[in-house]
Amino acid sequence: MPLNAALAACYQATRLFIGYSGGVDSHVLLHYLANEPALKAKLCAVYIHHGLQAVADDWLNHCQQSCDALGVEFKAIHVNAQPTQRQSPEEAARDARYQAFKSLVNQGDAVLFAQHQQDQLETVLLQLFRGAGLKGLSGMPAEISLGEGRLLRPLLAVSQQAILDYANYHQLNWVEDPSNQDSQFDRNYLRNEVMPLLTQRWQGLDAVVTRSARHCQDAQSLLSALMHDKMLAMLDLQNQSLNINKILAYSHHEQQWLIREWLDYLQQRMPSEKVLKAILSTVLLAEEDANPQIDLNGKVICRYQNQLYCVNKTANIDCQQVIIWQDRTQSLNLDNNGVLSVQAVLTDEIGLSLAGDWQIKYRQGGEKIKLPFRKGRHNLKALYQEAKIAPWLRAVMPLLYIDGELAAIADYWIGTDFLAADGEQGFKVVWQTEC
């Protein structure tokens, strides 16, 4: 089972984390790498405990013992794999695994999964049955970014039979997951009921479909690279939004590619065809004063000032609350609304004085503030419109009150009456949020 080419990236990695379930595929990969002297010292086998199987603790113990016998570091991570309302059990478990591995890797590290040629065949067929496009029909990539590191699949061109032959030759012991026989799950149904018929008729089908997936990957890569550059040319780096007029200058099919490249750039899961069409027709083509929104995996796709945004859903915030900020040397966590901190400003910048009693409130309506170098008092609504503050930020923008008077609006404006005196160190409030 030669893997020299597939393992090239492993030799460059700082650490190697192997997804190790104790099954035959991951056990073979672990055994193979543990017998490579240049790689063994980098290895850490990681067992993800989903808590979904009664025998999961037994599997964990088996994995620990196998790693001890091989002299390989072992780590077990417990995750919450319960599906949300819109998730399938398989999707929830997969997402939990990926998040666990993302938390492990640093720059230069690699995660290794043991998916093989038949897994690739099943993935491509499932994507085909779901009506996927080029990206889906490309199957699983052999290498991809994962958090700060890389995800590698060195067995992707290896047949399942070759893996079994290796395991039997080396007399390896592995666990069998009984849920793999439950054909109510799509992949298991395909594997247990459909694949035996297909491979009986078309021998070597896994290798053939894997080759087709590589062709789709090549086409996907070329188109993606072309449209990625076009997407970056219309991207506002500060707020990660796209210029709508520039999107509409392209054909309908190119618009779809641009949106996909943008969402991929934002590390969002690809939308369904139905959702993508809704973004193009409902959001892009809306009147300028309209504010249509499309839900997308916990985010919202919306528009403002001719820009297309992908933002968090508006948090459930108690806008009547009053938060006392006593220790300004410490950050202040706002419930569902980011973090506030105080930072010193440069000597030539205007800043706040730290004196007085500080409170954080939210907009109730009718608030006004007097600003440096400007006449009169200014209504918040007019200031937000002038600064083109997005509508979804206005209600949740924290307001700083000092001694009961409005002193600052997040990190946008500072009131004249609360500026640091000449010769006094000034400060500013910084609001960190994902929105």
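The exercises below work through a sheet, a loop histidine and a run of hairpins in a predicted model.

Local features are taken at pLDDT of at least 70 and side-chain atom pairs only at pLDDT 80 or more, whereas totals for chains, interfaces and linings use all residues. Residues are numbered from 1 along each chain as its sequence is written, and side-chain values use heavy atoms, with hydrogens and water left out.

**Exercise 1.** Determine the strand order of the open sheet of 6 strands, and find what packs on it.

*Solution.* Helices (H or I, at least four residues) and strands (E, at least two) are DSSP runs numbered from the N terminus, and two strands pair if DSSP finds at least two bridges between them. On that basis the order is E3-E2-E1-E4-E6-E5, with mixed pairing. The edge strands, each pairing on one side only, are E3 (73-78) and E5 (143-146). From one strand to the next the twist averages 30 degrees, where axes are lines fitted to C-alpha atoms, for helices over the stretch in contact, and angles run from 0 to 180 degrees between N-to-C directions. Within the sheet, E1 (residues 16-19) runs parallel to E4 and is joined to it by 3 bridges, and phenylalanine 17 stands opposite valine 111 in E4. Helix H5 (residues 89-104) packs on the sheet, touching E1, E2, E3, E4, E5 and E6 (149-152), and its direction makes about 145 degrees with that of E2; contact here means heavy atoms within 4.5 Å.

**Exercise 2.** Establish whether histidine 116 is buried or exposed, and identify its side-chain polar contact.

*Solution.* Histidine 116 lies in the loop between E4 (110-112) and helix H6 (117-129). Its relative accessible area is 2%, so histidine 116 is buried (buried is under 20%, exposed over 50%, partly exposed in between, with a 1.4 Å probe and protein chains only). Its side chain is joined to that of aspartate 25 by a polar contact of 3.3 Å, a term for N or O atoms within 3.5 Å, of which, within protein, one must be able to donate a hydrogen and the other to accept it, residues adjacent in sequence counting only if both atoms are side-chain atoms.

**Exercise 3.** Trace the pairing of strand E19 on both hairpins.

*Solution.* E18 (residues 399-402) and E19 pair in the antiparallel sense over 4 bridges, with leucine 406 as the bridge partner of tyrosine 401. In their hairpin, which has 2 residues between the strands, aspartate 403 takes a positive phi near 50 degrees. E19 also pairs with E20 (residues 413-414) in the antiparallel sense, over 2 bridges. Finally, 4 of the 5 residues of E19 (residues 405-409) are buried, so this strand is largely enclosed by the rest of the structure.
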